[in-house]
Every structure is written in structure tokens, then in C-alpha cells.
Amino acid sequence: MVLQLAAESATHPLAGTAAQWMWALPLLPLLGFVINGLLSLAHGWRAGPADPFTEGHTGHEPDEHAIQHAERSGGHGDDSHAIVPHPFAAVTSLVGPLVMILAFGLAAWIFWDMLQAAPAAAPYIQTYYVWMPAGDLQVNAAFQLDQLSIAIVLVVTGVGMLIHLFSVGYMREDPGYPRYFAYLNLFVFFMLVLVLGANYPVMFVGWEGVGLCSYLLIGFWFSEKANADAGKKAFIVNRIGDFGFLIAMFLLFANFGVLDFAALQEAVSGIPAGSVLLTTICLFFFLGCTGKSAQIPLYVWLPDAMAGPTPVSALIHAATMVTAGVYLIARSAFLFALSPVASLTVALIGALTALFAATIGLKQWDIKRVLAYSTVSQLGYMFIGVGVGAYVAGVFHLITHAFLKALLFLGSGAVIYAMHRSYHHTGRHHEDAQDMRNMGGLRRYMPVTWVVMWIGTLAIAGIPFFAGFFSKDEILAGVFARAHDSILAEASFAGIPGSILLYAIFGMGLLAALLTAVYMTRMMLYTFHGPNRTGEGERPHLAEAPFVMVLPLVVLALLSAFGGFLNVPPVFDFLPVSGHLLGDWLDPVVGQPALLITHGAAPHLSHATEYALIGGAVAIAIVGILLAIIVLRPSRLLPKTEAPAERGIQRVLLDKYYVDEGYDRALVDPTVRLSRNVLWRGIDVGIIDGLLVNGSALLARGIGWLGSRLQTGQTGTYAWVLVIGVLAVLGAFTFR
């Protein structure tokens with residue numbers, strides 16, 4: 001098998017090009033992880049005395065609580081202690097971003113060679129060794145390079161590179177600086193393994209790896225219980241979803257005997273649409289997606305992920321982990337295209353999530369939580385796209401969302417950085433630097449951040465001709481076009497005709513777009529406009545972030561402004577830059593599955609219909625922005641400590657519909673009580689410790705006591721025992 005694949009790779013058009021170095025793409029960030037990890041360990045390791053009881057040794061180590069508190073604060077927290085930078089900060093600042101710059105450069109080189117090579121429908125596969133040679137199970141450690149994987153690799157390495165550069169300014173004063181960059185590099189390594197894997201098991205390694213890194217980075221400032229709990233919550237919720245991924249793989253191998261993408265696509269090609277087996281497999285895969293990409297009902301971990309440093313939030317939300325579920329469905333399009341029920345389920349859950357999360361975003365005060373629920377909502381849009389078979393539109397929104405969400409999160413990081421710095425100067429460490437009620441008027445102090453974040457806001461709201469406008473419009477148009485003349489429209493879901501369900505999904509998408517424009521404008525008004533609420537003493541210290549943090553913001557703003565021209569629909573052929581570039585690029589991978597959904601013919605809408613849909617979407621976005629400007633009054637907003645408590649529906653939205661509390665009462669608390677009362681007190685303490693361990697000890701003690709009573713040391717007693725024993729034996733034989 002290895003020789004066969006090697007021979008096929010040797011004759012591939014990409015053989016002999018930069019594509020042969022694809023193994024170096026994940027290796028570079030892995031190298032950064034090793035170097036920064038060693039730097040972190042080298043500083044943390046301290047040799048103890050040969051004899052701890054020697055004279056002069058006090059037995060006391062440095063105050064661990066103070067060290068962990070400094071790590072949690074990271075120079076931006078509510079600390080009152082002096083922060084000492086890590087002694088290897090300079091080396092880390094070079095190694096961490098450098099490996100990402102090299103990885104992005106290599107990805108761009110490979111992409112250029114793919115453009116120059118002859119178009120190839122077959123992916124370029126490199127097999128390195130046989131990973132699992134166990135009977136019928138033959139799994140290779142192999143990477144696959146095709147149009148889809150290189151597109152995501154460019155996003156991961158490019159946006160990841162900018163986030164690494166931003167982190168140099170944001171985290172440099174943190175005592176855990178090398179550890180932070182080690183985790184960040186490892187995160188990118190696992191995401192690249194996930195994207196480049198040529199089969200589901202290799203993808204699953206990356207899938208689990210990004211889950212591990214999310215735990216490490218969300219709980220980076222682990223000395224505070226809330227941060228540690230947020231990391232554990234993300235890890236546990238994702239394990240629930242990953243169970244679905246595993247079951248789907250088991251079903252694939254049990255029924256088809258292979259787990260490679262290319263072999264599976266050939267194996268399922270003869271199966272008719274609507275197969276119960278494929279529907280079951282796809283639904284289990286989607287269970288994994290709901291955990292990794294934060295969809296209903298497993299979305300609850302993502303807002304709590306804000307406990308980590310802000311650049312971590314940008315990396316998770318923009319370039320890595322949460323997009324993995326969308327990538328999985330796009331990669332498995334040949335399976336989902338054969339299951340109308342599973343595809344409708346994906347689209348419906350995506351629409352419900354988009355609308356549900358958007359309503360919660362209306363009343364959040366933490367600037368990062370607003371963006372977190374925005375991510376959950378926009379992921380719902382992506383799942384609408386890939387769910388209805390508009391795979392290009394879903395991937396397109398993944399790419400544009402990576403640009404604008406990285407911009408918005410890093411912009412919020414610049415704001416938080418400035419707020420912490422001002423509070424640090426005046427000693428008001430207890431103030432919440434992430435609450436928008438403590439901000440206001442920051443455009444006068446941070447003009448560059450103000451401009452770039454408005455670009456990101458307009459892009460995510462869908463204002464022409466920013467990046468989000470093109471991708472969001474393509475998703476909604478894809479839903480509308482497939483509401484007739486498609487296998488989805490002809491199918492039914494829980495007795496509801498597919499066409500009606502698709503129109504409902506389209507309506508929910510429009511409503512979510514309206515709410516998106518409202519809550520994003522609200523965030524900008526309360527953060528940058530109106531009077532400043534930071535404080536009289538803090539205002540002189542408010543200033544723009546350092547250049548190393550501003551530069552990534554400017555680059556991402558340009559991408560958010562013009563990234564939509566990657567995939568301009570034909571209806572905009574009057575624009576100077578036009579062409580369905582991304583759609584043509586991805587067609588060899590997802591084109592055929594998309595045609596299966598529309599009966600072999602590309603979905604078509606008249607120009608009049610498209611203009612009507614576009615006009616409606618733009619009108620909704622403008623109405624949302626104007627509604628927020630008219631209704632909201634930043635001048636009336638009070639600082640957090642003076643603000644009245646929310647009531648009614650506002651309180652419900654602020655508390656996120658009490659979903660977390662519901663999970664606690666329905667699942668967490670019963671599990672804890674079961675564990676405490678049955679598993680611990682009943683089985684562990686009662687049966688194992690009490691009956692088996694202590695009971696056997698009591699039995700042994702009783703036998704010993706009886707033996708001690710018999711061992712009197714008196715010859716007469718022994719003689720009587722001997723006589724009684726002989727009589728008993730004789731009696732047994734006599735009366736038998």
C-alpha cells in the first residue's frame with residue numbers, strides 16, 4: 001500500500017514542487033513548541049540541595065501563590081504586584097512568531113506551485129509509514145494536499161502568524177511567556193495535522209490535539225479557579241462531541257473497511273441518497289462538530305473560553321479549533337451529500353444556533369463575550385452553508401470570518417491592554433477592564449483601533465462591499481436556491497417538507513443578520529463613542545497599543561475590507577475585481593457532492609431574484625445599525641459599579657437564558673450526587689473499603705483471635721483436642 005501510494009505521488013503534477021515539503025508545515029510550529037517549552041522548563045527548574053537538612057537551608061521555596069498570581073495577571077490583570085518579565089522573553093519573541101512566518105511562507109510557496117501545476121482532481125498524498133497495521137485495519141500516517149486543505153492551511157498559518165505577532169506585545173510581560181508561546185505553537189501544529197490528515201484517524205489526532213491545547217490555553221492563568229474551571233469545561237464538553245466522531249469512524253470501518261478519504265469516496269459512490277447507514281454516520285460526525293464548533297446543545301464552553309488571554313480567544317475563534325467542525329463537513333461532503341436528513345439537520349441546528357446566540361449577544365457587557373456569542377452565531381451561518389450543500393459558501397464564510405473575527409478579538413485585546421495600563425497607573429486594580437460600561441469615548445485615545453474595529457463591524461454586519469457581505473449573502477442565496485429543485489427540498493424532516501424548512505432557515509438567517517448588526521453596533525457605540533467612563537485619573541494614560549500589536553490589526557482590517565473579492569458572484573460582474581475564484585478553486589473537491597444535492601445541475605437564481613435577496617440583506621444590516629444608533633444612548637450609560645441591575649428579558653439575556661444553570665441542575669448536580677452518594681460512599685467506602693478491605697481485615701483478625709485462644713501452651717489442652725479430633729474422625733467413618 002505504501003509503495004503504491006508512493007508511486008502515485010511520484011507521478012502527480014505536484015511531485016517535485018514545494019508540495020513535497022508539506023510535512024514541514026506542521027513541523028515548524030512543533031519545533032517552536034519544543035524550543036519554547038524547553039525555555040519554560042529551564043527557567044522553572046531549580047535544583048534542590050543534596051541534603052535538605054543541611055545547615056542554612058530553610059526549607060522554604062519562593063512564594064508559589066505570588067508566582068501564579070503574576071502569571072495570571074500577565075501585566076494586564078488586576079494585580080498590585082510588580083511584574084518581572086521572563087528571562088528568556090527575547091528568545092521566545094523571536095522563535096514563536098518566526099516559526100509561523102516560515103510556515104506561512106512555505107504554505108504560500110506550495111499554493112503558488114499548485115497554481116502553476118496542471119489542474120488535478122486527485123489529491124497529492126504523502127504516506128510516511130504504516131501507523132496501524134492490525135489485520136483488516138490499515139491506517140497510514142499520511143498527509144493529503146488538495147485545494148481545500150491548502151486554502152485552510154493558508155488561513156491557519158496566515159492569521160495565526162498575525163496573532164503570534166500581536167501576542168509579543170500583549171503577553172511579553174507575563175512570567176509564563178515561553179509557556180504561552182509553547183502552547184500557542186502546539187495549537188497551530190495540531191490544527192495543521194487536522195487539516196492535512198489524509199484519513200479520519202490522522203484528522204482525529206489533530207482534532208483531539210486542538211482540544212488539549214484549548215484546555216491548556218483557556219486555563220493558562222490557572223491559579224484562579226474560574227480560569228481553571230473554564231479550561232476543564234471546554235475539555236469535558238468537547239469529549240462529549242468527540243464520542244460522536246469516534247462512533248462515526250467505527251461505523252465507517254465496520255461497513256466499508258477503509259478510513260482514507262479517497263478510498264471512502266469511491267466506496268460510497270454507489271450508495272443511493274437517503275441511506276440509513278450514511279445518515280447515522282453523518283449525524284454522529286455532526287455530534288462531534290457541535291462540540292468542537294460550539295453549536296446547540298454543546299456551545300456552552302465557548303463563551304467561558306474568554307478566561308484565557310485575548311490572543312488565545314482570537315486563535316480559537318478565528319483560525320483554529322472552532323472552524324474544525326465546518327472543515328470536517330466540507331471534507332466529508334461526499335458523505336453528507338448522500339444524506340438529505342443529516343444535511344437538513346446540520347442546516348437547521350446552524351440556523352437555530354445563529355439566531356439563539358445573536359439574541360444573547362444583545363445584552364452582554366464584557367466586550368469579549370459579545371464577540372464570543374458573535375462567533376457562535378457566525379459558526380451557525382457556516383453550518384447553514386455546508387448543511388444545504390453550498391460548501392463553497394460555507395468555506396468562504398469560514399475564511400472571511402477568520403479575517404474579521406481575528407481583527408475584532410485583537411482589537412478588543414488592544415482596548416483591554418489600554419484599559420489595564422490606565423488602571424495600573426492609578427492603582428484601581430479591582431476595576432473590570434473588559435466591561436464596556438467602564439469604557440466609552442476611546443476613539444479619541446485609540447483612533448487606529450477605532451477605525452479597524454469599525455471595519456470589522458461593518459464586515460460582520462454585511463455592509464457592501466466588505467468581506468462578510470459577500471460570504472453571508474452567498475450562504476443565504478444558497479439556502480434560497482436549494483429550497484426547490486434539490487434533494488433537500490424533496491426530503492422531509494420530522495414530517496416537515498424540506499422546502500418549508502429551508503425557507504424557515506433562510507428567515508432565521510435574515511433575523512440573525514439583523515441582530516448581528518444591532519449587537520455589534522452596540523459594542524462599538526459603548527466602547528468608542530460617547531463620554532469616557534474610565535475615570536478622570538485614568539484618561540491621561542489611555543493610548544494606542546504598541547506598533548507590534550497595531551500592525552496585525554491593520555493587515556487584518558485590509559483583509560476584512562477586501563477579502564470578499566476572493567469569491568465575487570457573477571451578479572457583481574460590473575465590479576473591477578470579479579470572478580468566482582474560490583468557487584473555481586474548490587470545485588475539484590466539493591463540486592461533485594454539491595451537484596448531487598441539486599440533481600446534477602448548478603443552482604440558478606435570476607439576476608432579479610439575486611438583487612432582491614441582496615437588497616433585502618443589505619437593508620436588514622443597515623436597519624440594524626441605525627436601530628442601535630437611534631435607540632442606544634452611550635451618554636446615559638453608567639460605569640459598572642453604578643449601573644442598575646437588569647430586569648425582565650434583559651436579565652434573561654444577560655444570564656444566557658440560564659442554560660448553564662439548567663445543565664447544572666439536570667446533569668452536573670445529579671452526576672455529582674450520584675458520584676458522592678453511590679459511587680463513593682456506597683461502593684468505594686461501603687463495599688470496597690468497608691466490606692472487602694476492612695471486612696477481610698476483620699475476618700483475618702477474627703481467625704487470628706480464635707487461633708490465639710486455641711494456642712494455650714498447656715499439654716493437657718492439646719491432649720484433649722487430639723482425643724476429640726480422633727473420636728470425630730472415627731465417628732465419621734463409623735456412622736457413614
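The following paragraphs describe a predicted model of a protein chain, from its overall build to selected local features.

The chain contains 27 helices and 4 strands. Its C-alpha trace spans about 120 × 70 × 60 Å along the principal axes. Of the 736 residues in the chain, 55% are buried. The chain exposes about 30400 Å², and carbon and sulfur atoms account for 69% of that area. Contacts within the chain reach across the sequence: among those between residues at least 6 apart, 82% join residues at least 24 apart. As for charge, the chain carries 37 positive and 45 negative charges, and the mean positions of these two sets lie 10 Å apart.

His 164 offers an entry into the interior of the model. This residue belongs to helix H5, which runs over residues 147-171. His 164 counts as buried because its relative accessible area is 0%, whereas the cut-off for burial is under 20%. Leaving aside residues up to four places away in sequence, His 164 touches Gly 96, Pro 97 and Met 100, and also Phe 181, Leu 184, Asn 185 and Val 188. A further relation links His 164 to a distant part of the sequence: Pro 552 is 388 residues away along the chain, yet the two C-alpha atoms are 9.3 Å apart in space.

The next topic is enclosed empty space. Rolling a probe the size of a water molecule over the atoms shows where such space is left. A search of the whole structure finds 2 cavities of 30 Å³ or more, and the largest cavity has a volume of about 80 Å³. The lining of the largest cavity includes the glycines Gly 462 and Gly 468, together with Phe 469, Lys 472, Asp 473 and Leu 476. Ala 461, Ala 513, Ala 617 and Val 618 are also among its lining residues. Helix H19 (467-481) and helix H24 (607-631) each supply at least two residues of this lining. Of the contributors, H19 gives the most, with 5 residues.

The loop that leads into H19 holds a backbone feature of its own. The peptide bond from Pro 464 to Phe 465 is cis, with omega near 0°, and Phe 465 is placed in the loop between helix H18 (447-461) and H19. Another cis peptide bond joins Ile 296 and Pro 297, with omega about 10°. Pro 297 is located in the loop between helix H10 (276-292) and helix H11 (301-304).

Two loop residues other than glycine adopt a positive phi. In Ala 494, phi is near 55°; this residue sits in the loop between strand S3 (492-493) and strand S4 (496-497). Ala 494 is classed as exposed because its relative accessibility is 77%, with the cut-off for that class set at over 50%. In Tyr 657, phi is near 60°. Tyr 657 occupies the loop between helix H25 (649-654) and helix H26 (659-710). With a relative accessible area of 30%, Tyr 657 is partly exposed. The residues examined here thus cover the three classes of accessibility: His 164 is buried, Tyr 657 is partly exposed, and Ala 494 is exposed.

Technical notes: Residues are numbered from 1 along each chain as its sequence is written. This is a predicted model: local features need pLDDT of at least 70, side-chain atom pairs count only at pLDDT 80 or more; totals for chains, interfaces and linings use all residues. Side-chain values use heavy atoms; hydrogens and water are left out. Buried means under 20% relative accessible area, exposed over 50%, partly exposed in between (1.4 Å probe, protein chains only). Contact means heavy atoms within 4.5 Å. Accessible areas come from the Shrake-Rupley method with a 1.4 Å probe; for residues, only the protein chains shown count as cover. Lys and Arg count as positive and Asp and Glu as negative; His and the chain ends are not counted. The place of a charge is taken as NZ of Lys, CZ of Arg, CG of Asp or CD of Glu. On a 1 Å grid over the protein atoms alone, a cavity is a set of points where a 1.4 Å probe fits but cannot get out, and a pocket is an open set with protein on both sides within 12 Å along at least five of seven lines; lining residues have an atom within 4 Å of a point. Grid points are joined across faces, edges and corners, and a volume is the space filled by probe spheres set on the points.
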